[in-house]
Each structure stands twice: as C-alpha cells, then as structure tokens.
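Colleague: Could you put the model up so that we can go through it together?
Modeller: Sure, here it is.

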Amino acid sequence: MAERTVSNRALLKLLVSARLRSQVAFRGSFASDVVGQMVLGLTEFVELYAIVNNIPSFGGMTFAQTLLVFGLASVSFAVADLLMGETDSMAETIRTGKLEVLLIRPIPVLLQLVTSDFQLRRAGRAIFAVLALTVALVITDIEWNAATILLIIITPVAGAMIFCALFLGAGAMQFWLLDGRQFASAFTYGGRYVATMPGAALFLPMQVFFTFVIPATLVAYAPSLIILGLDGPAGIPAWTGWLGVPAALILSGLMLLFWRSAIKKYTGAGG
Amino acid sequence: MRAYWELMKSSFRRHSTYRLAAFAGAFTNSVFGLIRASLLLSAIATAGGSIGGYSPVEAATYVWLGQALLGPIGLFGSAELSRRVKSGDVTVDLLRSVNLIGSYWAQDLGRAVFDFLPRGVPPLVVGALVTGLSLPTSFGPYALGFLSILAAISLTFMGFFIMNLLSFWVVEIRGFWMLYMVLMNLLSGFLVPVSWFPGWLADFARATPFPSMLQTPVDILAGRVDGGESVLLVAIQLLWLAALLAVAHFMVRFGSRKLVIQGG
C-alpha cells in the first residue's frame with residue numbers, strides 16, 4: 001500500500017512538472033499571458049473606482065474600506081481560479097474526450113484537474129490581488145485585536161474554498177448541461193463580482209440570496225464588517241462575518257458530493 | 001454578394017442549434033444585470049439623485065440595454081480564426097474565392113441576428129419588471145439605434161478579428177486577447193458609463209473606438225442623445241469601422257505572406 005502511494009505521488013509530480021515547464025516554454029506568450037491577467041485585475045479595480053470616485057461612500061463604506069473588500073475577495077478568487085479555474089471549461093474537456101484520459105489514470109480526476117492543469121499565468125491575477133489587499137490593510141483604519149487578526153488570516157482561506165466549491169459545482173453541472181455552461185457563470189463570475197463589492201449596495205433580496213444561498217458576501221464583505229467595526233445592512237448582519245469557514249466547509253462538502261455523482265454519471269462515447 | 005448572404009444564413013442556423021446556450025447566456029446576463037443595476041442605483045442614491053447625468057431609471061435602463069446588447073454585439077468575441085491558424089485549417093479559408101474578412105464578417109452578422117431575440121429580450125423583460133425602463137416614445141431613436149447596433153456589431157467584430165489576425169505573427173495570442181478584451185470591456189462603457197469615469201479616463205476612452213462599440217448604441221436607444229448629436233455619433237462609428245477595416249485588410253495582405261502552416 002505504501003509503495004502505491006509513493007508511485008502515485010511520483011506520477012503526479014511528473015505530470016505537474018511537465019505541465020509547468022510546457023507553460024513557460026514559449027516565454028513571450030507566457031509573459032503576455034501574465035500581463036493580460038494583471039491588467040484584468042487592474043480593470044476590475046478601475047470598475048470599482050469609476051463608481052466610488054463619484055461619491056463619498058459606497059454602500060456605507062469609504063473608498064479605503066471598499067478596497068479592503070475588493071482586496072480580500074480578489075485574493076480569494078485568484079487562488080481559487082489558479083486551483084480550480086479549469087473546471088470552468090469542463091464541457092470542453094468532456095466534448096474533446098480529454099476526460100477519458102484523466103479517468104484511466106490511477107489518480108482522482110479532481111486531483112489531476114487541480115494539479116496537472118495548474119495554470120501558472122493565472123498567478124498574474126493573484127499578484128495584483130495581493131497588492132490591492134496590502135494597500136487596503138495599510139490605508140484603512142483597523143482596530144488590531146485577536147479577533148480582527150484571526151479574521152484577516154482565515155477570511156482569504158475560507159473565501160478561496162468558497163470559490164473553489166463554486167467552480168467545482170460549475171464543473172459538475174456541465175456533465176448534465178453541456179451547452180449550458182454559461183448558467184454556472186452567474187454563480188462563479190457573478191459571485192466574484194458580488195464578493196468584490198460592498199454588499200449593502202445590493203437590493204435586499206439579493207443580499208439574502210448572495211449571503212445564505214450562494215455565500216458570495218461571506219467571502220469578503222461580511223468579515224470586513226467585523227474587521228472595520230461596521231454594522232451590516234438588513235440582509236447581511238455583521239455576525240455573518242464569522243460564517244465564512246462553516247459556509248466554506250458545508251458548500252465544499254455539497255459540491256464534492258455533486259462532483260462525485262457527476263463523475264459516476266459520465267458515460268464515454270467510446271473514444 | 002450571394003456567397004456572403006449564404007454564409008450569414010448558415011451561421012444563423014448553426015447558432016440556432018444551441019438554444020440551451022442562448023438561454024443560459026440570457027439567464028446569466030440577467031443575473032449580472034440585477035447585480036449591476038443594484039450597485040449603480042445604490043451609488044446614485046448616495047450621490048443624491050444623479051451621477052454623470054444619469055437619474056436612477058436612466059442608469060437602470062443603461063444597465064439593461066447593455067446586458068441585452070452584449071450578446072448580439074459579441075463583447076466577448078470569437079477566437080475561431082486564431083484556432084484555425086493553429087490547426088492549419090486557415091489554408092482552406094485562404095484558398096476560398098471569398099474574401100477572408102468578408103466571410104467571417106458575414107458569419108458574425110448571422111450569429112448576431114440569431115442572438116438578438118433569445119439573448120436580447122429576457123434581460124429587458126427582467127429590467128422592465130424589476131427597475132423599470134426609460135425608453136424614448138418616438139420612432140427616430142429606434143431607427144437610428146438599429147443602424148448604430150449594426151455598426152457596433154461590425155466594429156466589435158473587426159476589433160476582435162484584428163486580434164485574431166495577430167496569430168499570423170505570434171504563436172499564442174491568448175495574452176493579447178485577454179488584454180484587449182478587458183480594456184475594451186472597460187472603455188466601451190460596458191461596466192460603468194463612460195461619463196462616470198474620472199475625467200482623464202473618460203477623455204482617454206473617447207479617443208478610442210471602444211465607446212462606439214457599446215456606449216453609443218445604448219445612448220441612442222435610451223434617447224440620451226438625439227438629433228444632430230446622435231447622427232454625429234453614428235458617423236464616428238462608421239469612421240472607426242473604416243479605419244479598423246483598413247487595418248484588418250493590411251494585416252491580411254502582409255500576414256498571409258508571412259504565415260507558416262505547421263505540418264499541414
């Protein structure tokens with residue numbers, strides 16, 4: 001048994017290192033990819049700024065405070081995108097028969113998707129996100145105590161888990177709705193959009209939906225309320241700031257079950 | 001001309017096969033519309049009535065028209081030509097007796113015509129029910145708006161086609177593509193109206209063809225601009241279209257000499 005674990009790990013290492021080397025083989029293309037991803041992060045910030053520069057506060061938050069929400073959410077999304085972004089194009093993987101290749105290897109499909117399709121270029125997005133978060137932590141007024149420090153550490157981890165779970169659900173969904181992959185974007189990319197903005201600016205039913213059904217506001221906005229000592233709006237009370245970790249665990253569990261039933265359901269076309 | 005008409009019709013049929021995809025697109029566009037409308041309305045409420053000349057209902061109309069038009073206009077583009085360069089299939093395209101740009105242009109128009117109803121109507125219905133829309137009551141803006149949408153579809157197509165043509169020179173255009181798409185999405189006024197931008201960014205956006213790709217048709221259809229000003233805006237769209245067409249033409253001419261098909 002021990003021997004098998006070692007050989008699996010060796011196989012995994014081989015797959016990952018081959019994948020990483022192939023990604024940086026064409027240096028010009030790789031550089032333009034990374035720059036493209038960084039500019040993507042930058043425009044997401046400019047989008048927020050284009051709204052906030054017109055008003056003194058947005059959803060009850062100052063510019064610096066919205067930057068904290070943006071930074072926390074962007075770091076979470078960038079990490080999840082780096083790990084699980086490939087499940088977004090599951091329909092393509094199924095249609096081209098690439099899934100069969102993954103299924104015959106003695107490693108779980110999910111582990112292969114996470115490791116062998118680890119897209120280094122997506123690090124560009126993470127670089128900008130970390131930068132935004134750092135600036136936000138410096139310029140916002142935060143009362144440092146055990147609770148805020150703990151929240152700042154666990155929030156990006158829980159946030160990344162929430163987005164990973166959403167990506168996983170999006171991937172699983174595509175086993176049933178091949179052409180309907182855009183449905184999932186409403187929750188993955190829509191969730192990212194909501195997560196980066198102050199939740200109080202949403203219509204009330206959407207506050208409730210994106211907190212208690214799709215936990216997008218729990219990624220950054222709700223914890224930020226506690227970190228900044230603010231009261232939340234009606235649909236997102238400040239105590240929800242502590243729900244990030246339990247929500248991440250529950251959602252991940254559900255989506256893993258969903259993913260397993262999707263893999264079980266899959267029948268090859270004899271490719 | 002006949003060949004292009006047939007290409008357009010077959011592209012329409014091709015896209016009409018994927019009804020679930022169109023429905024899924026309309027669903028997602030509507031969800032994004034709800035998010036964007038609530039954010040802009042909240043900002044306007046804080047500002048005390050209007051931002052950049054947009055009252056609440058006008059801002060909501062701007063959001064819903066944008067969400068309705070993004071499908072038909074094709075704001076996320078198609079990288080088909082670049083894929084065909086990679087696979088070598090582009091040789092077939094270049095051997096055909098139809099013009100390369102014209103054939104892809106006609107196919108994109110066919111796609112747009114199909115996308116119009118299934119992807120355009122649902123967001124407008126959701127918008128009318130949730131926030132209300134403020135649309136002009138006279139005929140003029142719709143007629144000119146139709147022309148402006150056609151120009152925007154062609155202009156957006158031409159911009160992405162130029163990015164596709166880069167693949168005649170470089171192996172992988174994904175980075176350039178991403179760069180172009182995010183800048184275009186921002187500067188076209190798709191995410192936030194151009195008049196909301198800080199001054200320097202608004203000036204920069206107006207010096208590019210991007211506002212002609214979305215902000216212009218949305219402004220005309222919403223009746224935000226009228227008379228001489230709206231005709232001028234359409235004229236600007238057509239000028240940009242001519243300019244981008246010229247660039248694409250030269251790229252095809254010089255690029256196809258440079259193009260090397262691998263292992264064909």
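Colleague: How many residue pairs are in polar contact across the interface of chain B and chain A?
Modeller: The rule finds five such pairs across that interface, both residues being at pLDDT 80 or more; a polar contact is a pair of N or O atoms within 3.5 Å, where within protein one must be able to donate a hydrogen and the other to accept it, and residues adjacent in sequence count only if both atoms are side-chain atoms. This is a predicted model, in which local features need pLDDT of at least 70 and side-chain atom pairs count only at pLDDT 80 or more, while totals for chains, interfaces and linings use all residues. Residues are numbered from 1 along each chain as its sequence is written, chains are lettered from A and ligands numbered from 1 in the order in which they are written, and side-chain values use heavy atoms, with hydrogens and water left out.

Colleague: And which helices of chain B supply at least two residues each of the side that touches chain A?
Modeller: Those are H2 (19–47), H6 (100–130) and H8 (174–187) of chain B, helices being DSSP runs of H or I with at least four residues, numbered from the N terminus. The largest share, 21 residues, comes from H2(B). By class, that side of chain B has 30 nonpolar, seven polar and four charged residues, where Ala, Val, Leu, Ile, Met, Phe, Trp, Tyr, Cys and Pro count as nonpolar, Asp, Glu, Lys and Arg as charged, and the others, Gly among them, as polar.

Colleague: What area is buried between the two chains?
Modeller: About 3,400 Å², of which carbon and sulfur atoms give 76%; buried area here is the accessible area (1.4 Å probe) that two parts lose on being put together, summed over both. In terms of contact (heavy atoms within 4.5 Å), 41 residues of chain B meet 39 residues of chain A.

Colleague: How many salt bridges cross that interface?
Modeller: The rule finds one, with a salt bridge taken as a side-chain nitrogen of Lys or Arg within 4 Å of a carboxyl oxygen of Asp or Glu. It joins the side chains of Arg174(B) and Asp33(A), at 2.7 Å from N to O. Over all chains the count comes to 18.

Colleague: Switching to chain B alone, what does Glu58(B) form a salt bridge with?
Modeller: Its partner is Arg224(B), with the closest N and O atoms 3.5 Å apart. Because Glu58(B) lies in helix H3 (residues 56–73) and Arg224(B) in the loop between helix H10 (215–221) and helix H11 (227–258) of chain B, the pair ties together parts 166 residues apart in sequence.

Colleague: Is Glu58(B) buried, partly exposed or exposed?
Modeller: Glu58(B) is partly exposed, with a relative accessible area of 29%, and Arg224(B) is likewise counted as partly exposed, at 30%; buried means under 20% relative accessible area, exposed over 50%, and partly exposed in between (1.4 Å probe, protein chains only).

Colleague: What about Asp108(B) and Arg111(B), buried or exposed?
Modeller: Both are buried, and their side chains meet in a salt bridge at 3.0 Å, N to O. They are three residues apart in helix H6 of chain B, so about one helical turn separates them.

Colleague: Which residues of chain A are linked in a network of salt bridges?
Modeller: The network links Glu44(A), Asp81(A), Glu86(A), Arg122(A), Arg125(A) and Arg192(A).
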